[in-house]
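I opened this entry to look up how the aromatic side chains are arranged. My notes follow in the order in which I checked things.

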Amino acid sequence: MAGHMAPKHKKSDGGAGGLRRSGDDAFKLTVDYFKQEALDPLKGLGRFLLWGLTGSLAIAGGILLVLVGILRLLQTETGTALTGDWSWVPYFAVALLGVGVAGVAGWRITAGPGRAKRPRTRKEESADA
């Protein structure tokens, strides 16, 4: 009958070794939870910001090239109309166009979908009435 009995263990799980193992498990669980809930979203946010910054720099570079192209177009295709005392006009026109593009971008950023989601203040409600 000796083969049907549970094997005898030299150490019991209720001693100091079991308590230490429980503490190690709790620490590992805490570290894993921190990684899952804090570090992983931060990594995702970092990727999001990196792609957003890269895209915005590409758009800014493209707009700059288009503005320089418009400047060269105005300087070369208007003949002698914008030369001499009028040579400042193409620069002024392109500067106005650039300020207009920046203004439209700023307007669309501030009037985006996030503005409609935020709660309205009493001052805003009274201004609409």
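**Aromatic rings and confidence**

I began with helix 2 (residues 88-110), where W88 and F92 are 4 residues apart and therefore separated by about one helical turn. I kept in mind that the model is predicted, and I looked up the confidence before going further. The protein averages a pLDDT of 83, and 82% of the residues score at least 70. Confidence is highest in helix 2, at a mean of 94, and lowest in helix 3 (residues 113-117), at 65. I noted for myself that predicted coordinates should not be read in detail where pLDDT is low.

Next I searched the whole structure for aromatic pairs, and the search returned 2. In one of them, the rings of W86 and W88 have their centres 6.1 Å apart and their planes at 20 degrees, and because planes under 30 degrees apart count as stacked, I recorded this pair as stacked. W88 also pairs with F92, and here I found an edge-to-face arrangement, with 6.0 Å from centre to centre and 70 degrees between the planes. I therefore entered W86, W88 and F92 as one aromatic cluster.

I then asked whether W88 is buried or exposed. Its relative accessibility is 48%, so W88 counts as partly exposed. For F92 I also read a relative accessibility of 48%, so F92 counts as partly exposed.

Last, I looked at a charge beside a ring, and found that the charged end of R108 sits over the ring of W107, 5.0 Å from the centre of that ring.

Terms used. Residues are numbered from 1 along each chain as its sequence is written. This is a predicted model: local features need pLDDT of at least 70, side-chain atom pairs count only at pLDDT 80 or more; totals for chains, interfaces and linings use all residues. Side-chain values use heavy atoms; hydrogens and water are left out. Rings of Phe, Tyr and Trp (its six-membered ring) pair if their centres lie within 6.5 Å; planes under 30 degrees apart count as stacked, over 60 as edge-to-face and the rest as tilted. Buried means under 20% relative accessible area, exposed over 50%, partly exposed in between (1.4 Å probe, protein chains only). Helices (H or I, at least four residues) and strands (E, at least two) are DSSP runs, numbered from the N terminus. A charge sits over a ring if NZ of Lys or CZ of Arg is within 6 Å of the ring centre and within 35 degrees of the ring normal. pLDDT is the predictor's confidence in each residue, from 0 to 100.
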